[in-house]
Every structure is written in C-alpha cells, then in structure tokens.
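Visitor: Can you walk me through this one? I'd like short answers, please.

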Amino acid sequence: MWQNTPMQSEPQAFDPQDFLKTVPHKPGVYRMLDKNAGILYVGKAKDLKNRLSSYFRGTLTNSRIYAMVKQICGVEIAITTTEAEALLLESNLIKQHSPHYNIRLKDGKGYPYIYISTKQEYPRIQFYRGSRKEAGQYFGPYPSAGALSQTLNLMKKLFKARQCEDSYFANRSRPCLEYQIKRCSAPCVGLISKEEYAQSIRHVIQFLQGRTQEAIEELVQKMEAAAMTLNFEKAAEHRDLIESLRHISQQQYVSGSSGNVDVVAIHCDSGIASVQVFTVRNGNNLGNRNFFPSLPDNALGNAEVLAAFLAQYYLNHDVPGEILVAELPDDVAVLADMLTLKQGRKVVIRQPQRGERSKWVEMAQRNAEQALQMQLLSKAGMQQRLTDLQQVLQLPAPPARMECFDISHTMGEATVASCVVFDLNGALKSDYRRYNINGITGGDDYAAMHQALTRRFRRVTEQDGKRPDILFIDGGKGQVAQALAVLDELQVTGVEVVGVAKGEGRKPGLETLIVERGTGRLALPEHSKALHLIQQIRDEAHRFAITGHRARRQKARTQSPLEQIAGLGPKRRQVLLQQFGGLRAIERASVDELVKVPGISPDLARKIYDCFNGDGN
C-alpha cells in the first residue's frame, strides 16, 4: 500500500523536488521518515501533492515544522478513496507509532463496563474491561473504575444481586457476610428462588438502561399485591426500594436528555492541553474523565488539538450518535465522516449555543479549566521538589529519571521485586516493571534485591537501555550494598544510589537516607519537599510490589491459604470460617477483629493478617 522514496544515508541526499514529481493529486496519508527510517510525523491530506509541497517551500515560519523538515530523509504515502478514510488511517498510525511531531493521546486502558452474563442460572453483576465477545449484556462505558464501583455498590444496596466470583459462589454452604449486611440475597444457598432472582436482574437491567420508571411501576404493583395478601414485610421492602430508585433517578439523570451523547471541552495553557469528556448513556450521566494529550508545539490552537484528540480517542471507544463540543475542531465535517465510517452509523459533532446542552458544555469547559489549573500547580510543585532534591543530594542538575526498587513477600513465599519510575512530570507508569524472584532462599531480601537489579541493569549494558539519574532502594545499608555491587559488576556509571531506611515504627517523616555509596546518612526535616518526593516514590514502589506479590501468591496456591499458616489447625480454621462467614471476610479482617475469635492469639492473628495482606515487607 505504501509508496516509498529511497532512504539515503545522509539527510541532504533526499531531493524533495524529485519526490514531489511522483506524488498524485489524491487524498491519502503520508509518513515523514528520518535517517534511521523512524517515523517523524504522520499526516493526512485531501490533496497529497499540494499538502506535501507546502513542507518544502522556503517560506516556513513554524519552528516545529522547520525543525522536522530538516530531519526528513524519506517520505512514504498511502492513497485512499476519501479524506475520511485518510483521517481514519492517520489516527491508527499515530496510535501505533506515536511520532514525535504529532499530538499524541496517552490512554493505556479502555473504559470499564458493567457486565451481566446470560449463561448462569443466577447471573453475576461484575466489573469488566476488555473486548466484549462473551455472551451477555454490557452497560457503559464508565469514565473511570471509581465511577463504575460506585454503581456496583449501589446495585448491591438496591437489588441484592450477587457480584462474587463464580468459583466462590459455587462452593458456598452457608451465606457470607454480604447476606448478613443485606447486600446480597444469597442465591448460592437457595435463599431466593430463581424466578425472584431473575426479577431482580431484570430490575437491574431496567435501571442501567435508564428505564427506571418501568422498574418503579412494576415494584408498585408488587407492593400492592403483597399488601393485599397481608405480607406487610415484603410490601415494606418494595416500598423502600421504590423510594431509593426515585431518589437516585432524580440525582443521576441529565434533565431532558435522551440517547447517547459525549460532551467534550478543551482548554490549553502553558504548553499543556486539558480535555474533559463527559459520558451520557441512555440519558444517564455516567461521569467524566480528563486527558492531557502530549503536544509537540506550544503554538497549537484548541481546534487543532481537539481534532487530533477526537480522532485518536474514538479509535478505541464507542462513538455515540452525538458529540457536543465547546468549540468546533478543525475539519469537523471530515472528522464526522470518519467517525461515521468507523461506527457504521451517522455521527454528528455540534457546538450548542443555547438550552440544556449548552449548559453541559459549559460544565465540561469549567472542569477542563480546573483540571488544567491543578495540573499546572502539580507540575510546578514537582519542579520545586526536584530542585530541592538536587540541592539535598548535591547533584549538578535536577534528576530527569528516578527509579525505586522494593521487595515484597509473605514469609519468603512468592517473592516479587518492583521497579517504579518517575520523571520530570511524575510517575511514568509505562516504564514500571515487576520481577518474579526465583532460585533464592525464601526471605533473603538481599539476594532478591541483587537478582532484580541485575536483571534491570543488564538491559542497560546489553540493550543500551535507559539509566536513571537516581536509584532509590527501599532498605538500609545492606540493600544499598547490593545495588552498588550490581552497578560495579555491570560497570554502570553515573547513577546515584540512595537507600531509604524506615524510621522507628515505620512512621512517615522519620526516614533516614543512605548516601555517599553507603557511607553517609542523611535525615531530612518532615517539611522537606525533597523528602515528600522520596516518600511518594518509595510508597508507590511498595504498593506496586505488594500488588504483584499478592497476584503471584494467589495464582500459585492450590489449597486454602489458611492451611499454610503455622499454628492454625483444622479446628481453628473451622472456627474462623464460621465467625467470618467465608475466606473473603477473613482476608478483609484487621488484626483486632481476628483476635476476637476464640483460640486466636495476637501472634497468630498477625500471621493470618500478614498472610493475606503481605504487610510484613
């Protein structure tokens, strides 16, 4: 499909005039290539020849375009039938290659959905993210996992439909804690009939589809029928549910709305763009989400940034029938045609001027401006923290890349090392890594740290990987010694190693820094901005390590985790399960709650807690 220009070893060897003679006056996509065949820029054009000719005139005033053109050593073009097809191809290529000179949307995860399976006798309501191939009903997308979790919690309170895993559901012999606190109807042990449970699921679906009034009318009839048969307890349950549904529907629904709508607003300042997206499905405002696209040039206008954002955003998200914007993006007609082509039905992009819809746009615009203000403050705060850290550690410049390693295990089981990365903008989650530690004595943190660091920095020497300016180690002199030994073995230089030793009682603010190749100790005041940054990085490494350890431990175990706790015999396990109603409740229990169980001493309670929470490291 791509028509190539020959790649030359020197940038000056590319002759744009000869190349332009071969370019047709047709719509399509072009890729600018550097001397290593890397993609500098991807663009689309209604007329390829006219657009590409504009790059090679001697009157370029845009510094970004001028700098890019100087690096061009080749151009590839792909001819399409229409400009809308070109825009769709352009968006896919930008998403795939993330060229330096394009506006790029960083959106690693798709939106979550609520999923109700149709395969089970007692369907489960669950959080779902991924391709929607399984049979069942999907509701959403929700702007964030938090917004979806709130809705799931609401479903528990209102309809008492189960949300537990199928394996947990299939092995119940008595109701769990969810039933006891009136958050589940206990279909696992037959405390609700299939017919009655199916009615609850139908009410859930009606509510999620925005048909709350239908559910209310059906419940009113049931309430009256229960009252007629003198079943006043059941009638009271229906009455309470009706009141809750009426109250929530008044709070959640967007006045006067219908159908599916996205509301998008943008605000740019100081080289940063803030894009706010509100999601309305079936008249239900599901909430909002904010994005900060990566901009190649501070001089880009709102309309250009918004056009690039919408084209990339809807590659991986469902396109509603109507998109409301605070200002129209560039080439709005072509963009609408592209989205229509992608979705297979008519898509309209409009800028409302009055009425209810204009108020939604104003709301989104205010949110975009507020989010940008917070981002700018956060960025300024990050810069101040880096400057303070530079002064504290006497570095020649503020660190551009910082890494932190931590080890997590439970009594030597399923050891996992984490590596988190921070740069000038904060956490760089795309560079996070976990290392499953094998072949060491269980509980040997020094050996685990040595193995993880060796695997990490071998990439620096063998694959020319990125190296940090500062390497933080969660630990004392022993862990720091392991880090220094690895760097010396692999001959990695230019990395400042800093140990973060926990203070008394692990209280924040009492940490001691191990510096100067393990020979110096530094205690920073509690108000130090440098200390706050170090604490944030260390805590993130700890969180990331524990999450990985728990996942690995859970995957490795083929028997009840209670059976692996020394001192917890069959009788005590039985008492625990009876007192808490199941393993899940034990996992969530605190040490104080565990001690209250007959036969569980404080030491044993701590072992049980550490088994599930991995908090010992």
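Guide: Let's start with a cysteine. Cysteine 404 counts as buried, because its relative accessibility is 0%. Buried means under 20% relative accessible area, exposed over 50%, and partly exposed in between, using a 1.4 Å probe and protein chains only.

Visitor: Hang on, where does this model come from?

Guide: The model is predicted, so local features need pLDDT of at least 70 and side-chain atom pairs count only at pLDDT 80 or more, while totals for chains, interfaces and linings use all residues. Residues are numbered from 1 along each chain as its sequence is written, and side-chain values use heavy atoms, with hydrogens and water left out.

Visitor: OK. How many disulfides does a search of the whole structure find?

Guide: The search finds 0 disulfides. A disulfide here is a pair of cysteine sulfur atoms within 2.5 Å. Cysteine 404 is in none: the nearest cysteine sulfur, in cysteine 419, is 8.3 Å away.

Visitor: And why is there no bond from cysteine 164 to cysteine 184?

Guide: Their sulfurs are 6.3 Å apart, so they are too far for a bond. Cysteine 184 has the closest cysteine sulfur to that of cysteine 164. Cysteine 164 is buried, at 14% relative accessible area.

Visitor: New topic. What volume does the second largest pocket have?

Guide: About 810 Å³. On a 1 Å grid over the protein atoms alone, a pocket is an open set of points where a 1.4 Å probe fits, with protein on both sides within 12 Å along at least five of seven lines. Lining residues have an atom within 4 Å of a point. Points are joined across faces, edges and corners, and the volume is the space filled by probe spheres set on them.

Visitor: Which lining residues are closest to its centre?

Guide: Of the 23 that line this pocket, they are Lys160, Ser185, Glu196, Lys234 and Glu237.

Visitor: Which helix gives the most to the lining?

Guide: Helix 10, with 6 residues. Helices (H or I, at least four residues) and strands (E, at least two) are DSSP runs, numbered from the N terminus.

Visitor: How does the lining divide by type?

Guide: It has 8 nonpolar, 7 polar and 8 charged residues. Ala, Val, Leu, Ile, Met, Phe, Trp, Tyr, Cys and Pro count as nonpolar, Asp, Glu, Lys and Arg as charged, and the others, Gly among them, as polar.

Visitor: Now the rings. How many aromatic pairs are there?

Guide: The count is 13. Rings of Phe, Tyr and Trp (its six-membered ring) pair if their centres lie within 6.5 Å; planes under 30 degrees apart are stacked, over 60 edge-to-face, and the rest tilted. Tyrosine 313 and tyrosine 314 form an edge-to-face pair, with centres 4.8 Å apart and 80° between the planes. Tyrosine 432 and phenylalanine 544 are also edge-to-face, at 5.1 Å and 65°.

Visitor: What does that second pair tie together?

Guide: Parts that are 112 residues apart in sequence, because tyrosine 432 lies in the loop between strand 14 (426-427) and strand 15 (433-436), and phenylalanine 544 in helix 16 (residues 529-556). Both tyrosine 432 and phenylalanine 544 are buried.

Visitor: What sits over the ring of phenylalanine 544?

Guide: The charged end of arginine 434, 3.8 Å from the ring centre. That label needs NZ of Lys or CZ of Arg within 6 Å of the ring centre and within 35 degrees of the ring normal.
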